[in-house]
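Hi everyone, thanks for coming. I'd like to walk you through a structure that is new to most of us, so please have a look at the screen while I talk.

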Amino acid sequence: MIDFRAGTPEDAEAMAALEARAVPHAWRAGQYRDSLQAGHLCLVVTQNGVLAGQALAMMALDEAEILNLAITPELQGQGLGFALLAAILTQLRALGAHRVFLEVRESNQPARRLYQRTGFVETGLRKHYYPAAQGREHAILMEMSL
C-alpha cells in the first residue's frame, strides 16, 4: 500500500539513508533536519509503512524550488517518482506557487526525463555545480509554470 504524508524531523535519518542508497552524494540527516526545521515543505511516500521516497521544496513568495527528490532504488522506474513529484507540485500550487525551479545533475537522465514529462523545461546550466567521482558535474536548471 502506497501512502503520502508530511515529512517530519523524525524522518531525517531514514531520508538520509534512502538517498544515500539512491545517489552518490546524498544529503546527510542533519541537512534534512535543518530543512524541515526551516519550514520547508516535505512530502514522503511510504510503501507498507516503509519510507520509499521523499521530496522537499522551499517557497519564496509565489515561486518554489524543489530542493530534493529521491526514490529508493528498488522502486525507481515504477511511477512512484512521478506520483511524488505530482503530489508536491499540487501542494505548492495550493500554497500559491506560480513557478517552480530545480537543478538536476547533467548525467541524471532518468530524473531529467521525469521532470520534462511533468512539464519542466531546461533553462540554463550551472557549470561544475555538483561534486562527482571525477571532480565536479554540471547542473541543468529547469523550471515550470503551475
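Let me start with a term I'll need throughout: a residue counts as buried under 20% relative accessible area, as exposed over 50%, and as partly exposed in between. And please keep in mind that what you see is a predicted model.

Let's try the term out on Leu67, a residue in strand S4. Is Leu67 buried, exposed or partly exposed? Its relative accessibility is 25%, and because values between 20% and 50% fall in the middle class, Leu67 counts as partly exposed. Which residues does Leu67 touch, leaving aside its neighbours within four places in sequence? Leu67 is in contact with Trp27, Ser35, His40, Leu56, Ala57 and Met58. Leu95, on the other hand, sits 28 residues from Leu67 along the chain, and the C-alpha atoms of these two are separated by 16 Å.

Now let's step back to the whole chain. The secondary structure comes to 4 helices and 7 strands. If you trace the chain from the N terminus, the order of elements reads β-α-α-β-β-β-α-β-α-β-β.

What about the overall dimensions? The C-alpha trace spans about 40 × 40 × 30 Å along its principal axes. For 146 residues, a compact globule would have a radius of gyration near 15 Å, and the chain, with 14 Å, agrees with that. Of these 146 residues, 40% count as buried. If we take the contacts between residues at least 6 apart in sequence, 59% of them join residues at least 24 apart.

On to the surface. The accessible surface of the chain comes to about 7,800 Å², and carbon and sulfur atoms account for 52% of that. As for charges, there are 13 positive and 15 negative side chains, and the centres of the two sets lie 5 Å apart.

Next, the aromatic rings. How many aromatic pairs does a search of the whole structure find? The search finds 3, and I'll show you two examples. One is formed by Trp27 and Tyr32, a tilted pair with 5.0 Å centre to centre and 50 degrees between the planes. You met Trp27 a moment ago as one of the contacts of Leu67. Trp27 is partly exposed, with a relative accessible area of 21%, whereas Tyr32 is buried, at 0%.

Another pair is Tyr115 with Phe120, and this one is edge-to-face: the centres are 5.7 Å apart and the planes make an angle of 65 degrees. Here Tyr115 counts as buried at 7% relative accessibility, and Phe120 counts as buried at 2%.

Finally, a look at the backbone. Most residues other than glycine have a negative phi. With that in mind, look at Asn48, which is not a glycine and yet has a positive phi of about 55 degrees. Where is Asn48 found? It is in the loop between strand S2, residues 41-47, and strand S3, residues 50-60. With 60% relative accessibility, Asn48 counts as exposed.

Leu61 is another residue with a positive phi, near 60 degrees. You'll find Leu61 in the loop between S3 and strand S4, the strand that also holds Leu67. At 83% relative accessibility, Leu61 counts as exposed.

That's my tour. Thanks for listening, and I'm happy to go back to any part of it.

How values were computed:
Residues numbered from 1 in each chain as written. Predicted model: local features only at pLDDT ≥ 70, side-chain atom pairs only at ≥ 80, totals over all residues. Heavy atoms only, no water. Helix = DSSP H or I, 4+ residues; strand = E, 2+ residues; numbered from the N terminus. Rg over C-alpha atoms; globule rule 2.2 N^0.38 Å. Buried < 20%, exposed > 50% of the residue type's maximum accessible area, 1.4 Å probe, protein only. Contact = heavy atoms within 4.5 Å. Areas by Shrake-Rupley, 256 points an atom, 1.4 Å probe, with all protein chains shown as cover. Lys, Arg positive; Asp, Glu negative; His and termini not counted. Charge placed at Lys NZ, Arg CZ, Asp CG, Glu CD. Phe/Tyr/Trp six-rings, centres within 6.5 Å; stacked < 30°, edge-to-face > 60°.
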